[in-house]
Structures are given as structure tokens and as C-alpha cells.
Amino acid sequence: MQSAANIPHQAPDNDLIRDYDNLFRIFYNYPPHLDPLNIAESYIQCKSLLNLADMYDALEVVGPRIDHHLLQFQSRLWKQIAKYPPSYLKLGYLARSKVIFAEALVHVVGQWPSGSSQLRNHVPDSVLDLIEDKYEELTDKKLKSEGKLFRLTLNTPRGDRVTPQNGYMDWLALSLFRQWL
């Protein structure tokens with residue numbers, strides 16, 4: 001009788017069989033067989049494995065393995081998250097990966113509300129509330145910064161405000177900057 005560690009890994013014909021194989025590997029504390037080179041294929045495998053684990057209420061066990069596997073891609077992972085933030089937000093939420101979730105959240109909030117259609121009915125309302133709160137915070141900070149920049153002024157060497165009469169070129173540059181804002 002061979003142990004599971006000594007059985008050579010064969011590419012499963014069926015994705016569902018591969019997912020069950022990986023699920024049981026994780027249950028028995030063996031590393032899952034996920035694509036170590038192609039991040040797009042690895043994402044698909046991780047997503048289907050997480051969906052299977054969710055059916056069996058095993059996300060707490062599977063999530064850290066998925067997190068560890070994806071974080072091995074390093075810079076390629078960050079580029080993928082920047083390209084497809086809603087997808088990785090869902091994956092980070094399911095895997096309970098703080099790092100992936102936080103990075104995807106930054107990108108989703110920056111693009112909000114254009115990505116809302118991809119997230120509605122796919123993530124819990126608490127995540128949508130978090131995104132909307134962060135978006136409101138970002139909007140408030142942006143408005144405050146723009147207000148400070150708009151009130152920014154130049155002074156002459158004597159301490160007077162720049163006007164067309166006492167510093168035409170400085171006043172012109174300041175006016176163009178304010179118009180650009």
C-alpha cells in the first residue's frame with residue numbers, strides 16, 4: 001500500500017477531481033498541486049478550490065494554503081491584482097487573505113463605482129459597505145487636498161499676495177495652476 005505522498009501526481013482529466021484531490025491533500029497537510037508558473041491558471045485553480053472548500057465549510061483550512069501559494073508569485077501577483085481587482089477582492093475574501101484583500105481593496109476603491117457591477121451579488125454586503133465607506137473617505141480627503149491647493153498662494157519678497165500689478169508672471173502661473181485644478 002502506498003501513502004498519498006508517494007503517489008505520482010497525474011494531471012486530472014476533470015477539474016472537479018483535481019479540486020477534490022487538492023482539498024484532501026490540504027486536509028492531510030500535504031501541499032496542493034496548483035500551477036506554480038502560470039498565475040492565470042493558478043488563479044482559476046485557486047478559485048475553484050475555494051468554491052469547493054466553501055461548500056464543505058473548510059475555508060479556514062484551505063484559505064491559508066491558497067494565500068501562501070499565490071503570494072509566491074510576488075510581483076506578478078500585484079500586477080494581476082492591479083489588472084483585475086474585483087476578481088482578486090472576491091478571492092482574497094474567500095481565502096481570508098489580508099494581504100490580497102487589502103491590495104485589491106485599494107484598487108477597487110480607486111476605481112469605484114465603475115467596478116460595482118462586478119461585485120454586487122458576489123460579495124457580502126459588509127464588503128460593499130466597507131468599499132463605499134473607504135470611497136467616501138477618499139473623496140473627502142481628495143476634496144480637502146484640492147481645497148488646500150486652491151487656497152495656496154504665492155507671496156512677494158515683501159510678504160504681499162502676488163497680483164498682476166506686483167508679479168505678473170507669478171500671478172499668471174498661479175492662475176493657470178488654479179484653473180488646472
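## An all-helix predicted model

Proline 113 lies in the loop between α6 and α7 (116-119). The peptide bond that leads into Pro113 from tryptophan 112 is cis, with omega near 5°.

This is a predicted model; local features need pLDDT of at least 70, side-chain atom pairs count only at pLDDT 80 or more, and totals for chains, interfaces and linings use all residues. Residues are numbered from 1 along each chain as its sequence is written, and side-chain values use heavy atoms, with hydrogens and water left out.

**Overall build**

The protein has nine helices and zero strands. Helices (H or I, at least four residues) and strands (E, at least two) are DSSP runs, numbered from the N terminus. Read from the N terminus, the order is α-α-α-α-α-α-α-α-α. The radius of gyration is 25 Å, well over the 16 Å that the globule rule gives for 181 residues, so the protein is more spread out than a compact globule. That radius is taken over C-alpha atoms, and the globule rule is 2.2 Å times the number of residues to the power 0.38. Along the principal axes, the C-alpha trace spans about 95 × 30 × 25 Å.

**Surface, contacts and charge**

The accessible surface comes to about 12200 Å². Carbon and sulfur atoms hold 55% of that surface. Areas come from the Shrake-Rupley method with a 1.4 Å probe; for residues, only the protein chains shown count as cover. Of the 181 residues, 31% are buried. Buried means under 20% relative accessible area, exposed means over 50%, and partly exposed is in between (1.4 Å probe, protein chains only).

Contact means heavy atoms within 4.5 Å. Among contacts with a separation of 6 or more, 53% join residues 24 or more positions apart.

The protein carries 20 positive and 21 negative charges, and their mean positions are 9 Å apart. Lys and Arg count as positive and Asp and Glu as negative; His and the chain ends are not counted. Each charge is placed at NZ of Lys, CZ of Arg, CG of Asp or CD of Glu.

**The core**

The largest nonpolar core has 35 residues. Such a core is a set of buried Ala, Val, Leu, Ile, Met, Phe, Trp, Tyr and Cys residues joined through side-chain atoms within 4.5 Å. Those with the most contacts inside it are Val62, Ile66, Tyr88, Leu89 and Ile131. At least two core residues come from each of α1 (15-27), α2 (39-55), α3 (59-71), α4 (75-83), α5 (85-95), α6 (98-111) and α8 (125-151). Helix α2 gives the most, with seven residues.

Ile66 touches Leu34, Cys46, Leu49, Leu50 and Ala95, not counting residues up to four places away in sequence.

**Histidine 107**

His107 is found in helix α6. With 23% relative accessibility, His107 counts as partly exposed. Leaving aside neighbours within four places in sequence, His107 is in contact with Ile81, Ala82 and Pro85. The C-alpha atoms of His107 and Pro86 are separated by 8.4 Å, and the two residues are 21 apart along the chain.

**Positive phi outside glycine**

Two loop residues that are not glycine have a positive phi.

| Residue | Phi | Loop | Relative accessibility |
|---|---|---|---|
| Asp57 | about 55° | between α2 and α3 | 73%, exposed |
| Arg96 | near 55° | between α5 and α6 | 53%, exposed |
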